Amino acid sequence: MKRIGVFTSGGDAPGMNAAIRAVVRQAYALGLEVIGIRRGYAGMILGEMVPLGVRDVANILQRGGTVLLTARSQEFLTEEGRAKAAEKLKAAGIEGLVAIGGDGTFRGAMRLLEEHKVPVVGVPGTIDNDLFGTDYTIGFDTAVNTALEAIDRIRDTAASHERVFFIEVMGRSSGFIALDVGLAGGAEVIAVPEAPLDPRAIAEGLLESQRRGKSSSIVVVAEGAYPGGAAGLLAAIQEHVRVEARVTVLGHIQRGGSPTAKDRILASRLGAGEVELTPLKEAVERKKDINRSLLALSRILAL
């Protein structure tokens with residue numbers, strides 16, 4: 001294997017650029033060419049590909065988003081679309097892929113492998129932290145810290161106005177962001193999709209807090225925890241108790257911004273590590289064999 005492709009797909013996550021950088025630099029060290037595929041699977045179908053060298057990925061470690069851009073492709077969901085993508089990869093001489101993204105990205109990668117025998121390895125990049133096989137995904141730590149900073153600020157306003165704030169965080173069907181942010185931010189209630197919600201019980205809990213003299217509260221709600229999100233949950237609670245409350249939806253600010261040190265290190269390790277995983281292993285082992293032979297030769301010559 002001499003040439004690999006790298007792309008980002010689906011939702012962007014802080015740290016994706018660090019992963020791209022690591023893939024390119026590690027591949028270069030192992031004597032592999034790297035082709036960057038722009039705009040994910042959509043760009044793959046259109047053949048939007050550019051060679052990537054070490055200088056091309058300089059000074060991107062600290063940047064949020066993805067320099068390769070990302071998109072969602074309806075065409076790739078079809079067999080015809082995936083066939084087009086496979087043909088473009090073949091025409092570009094790409095022998096293996098590194099896919100950086102979430103569950104949708106990985107499902108697409110599996111289809112390419114199963115239907116067109118395209119070797120592929122995945123780098124888990126999503127703020128939702130909802131991928132099996134890794135303790136943390138790239139972008140999760142940054143998203144949590146971004147949301148936590150916002151909640152700390154909102155708590156000041158909540159205390160000043162003696163109100164309850166319902167704060168909606170991202171995560172779709174996963175409550176990892178809400179759970180970590182709620183714990184770190186001292187939330188009175190944390191609503192996640194993985195656990196059943198009883199609006200009446202939450203209402204009674206907020207009333208009990210008021211009876212104890214607590215004049216403000218923070219309720220963290222994962223976007224998929226209740227129909228209608230935080231606003232829907234508040235409306236359901238208001239049917240049981242009237243509370244002075246406001247809703248804040250943090251939305252896409254959790255995806256942007258410079259990645260934390262933890263995400264940069266994780267992305268760099270994963271990006272570099274994926275280049276050494278099967279199906280790229282053969283090329284890597286060949287390079288290592290050459291290096292070992294050269295080392296042995298140098299020792300002989302030094303005798």
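Two strands count as paired if DSSP finds at least two bridges between them. Keep that handy for the exercises below, and remember that this is a predicted model.

**Exercise 1. Which residue of β5 is the bridge partner of I100, and in which sense do β4 and β5 pair?**

Step 1. Start with the strands: β4 covers residues 96-101, and β5 covers 120-124.
Step 2. Look across from I100 into β5, and you land on V123 as its bridge partner.
Step 3. Now take the strands as a whole: β4 and β5 run parallel, with five bridges between them. The cut-off asks for at least two bridges, so they pair.

**Exercise 2. Put the strands of the sheet in order and find its edges.**

Step 1. Five strands make up this open sheet, and the order reads β3-β2-β1-β4-β5.
Step 2. The pairing is mixed.
Step 3. β3 (49-52) and β5 are the edge strands, as each of them pairs on one side only.
Step 4. For the twist, ignore direction: neighbouring strands are turned by 25° against each other on average.
Step 5. Add a helix to the picture. α4 (residues 103-116) lies across β1, β4 and β5, and it runs at about 160° to β4.

**Exercise 3. Work out what the salt bridge between R3 and E33 ties together.**

Step 1. Check the distance: the closest N and O atoms of R3 and E33 are 2.9 Å apart, and the cut-off is within 4 Å.
Step 2. Place the residues. R3 sits in strand β1 (residues 3-8) and E33 in strand β2 (residues 33-37), so the bridge ties together parts 30 residues apart in sequence.
Step 3. Buried or exposed? R3 is partly exposed at 25% relative accessible area, and E33 is partly exposed too, at 41%.

**Exercise 4. Do the same for R255 and D12.**

Step 1. Their closest N and O atoms are 3.7 Å apart, and the two form a salt bridge.
Step 2. R255 is in the loop between β9 (245-249) and α9 (261-275), while D12 is in the loop between β1 and α1 (16-29); the pair links parts of the chain 243 residues apart.
Step 3. R255 has a relative accessible area of 17%, so it counts as buried. D12, at 21%, is partly exposed.

**Exercise 5. How many salt bridges are there, and which residues are linked in a network?**

Step 1. The count comes to 13 salt bridges.
Step 2. The network links D103, R107, D130 and R172.

How values were computed
Residues are numbered from 1 along each chain as its sequence is written. This is a predicted model: local features need pLDDT of at least 70, side-chain atom pairs count only at pLDDT 80 or more; totals for chains, interfaces and linings use all residues. Side-chain values use heavy atoms; hydrogens and water are left out. A salt bridge is a side-chain nitrogen of Lys or Arg within 4 Å of a carboxyl oxygen of Asp or Glu. Helices (H or I, at least four residues) and strands (E, at least two) are DSSP runs, numbered from the N terminus. Buried means under 20% relative accessible area, exposed over 50%, partly exposed in between (1.4 Å probe, protein chains only). Axes are lines fitted to C-alpha atoms, for helices over the stretch in contact, and angles run from 0 to 180 degrees between N-to-C directions. Contact means heavy atoms within 4.5 Å.
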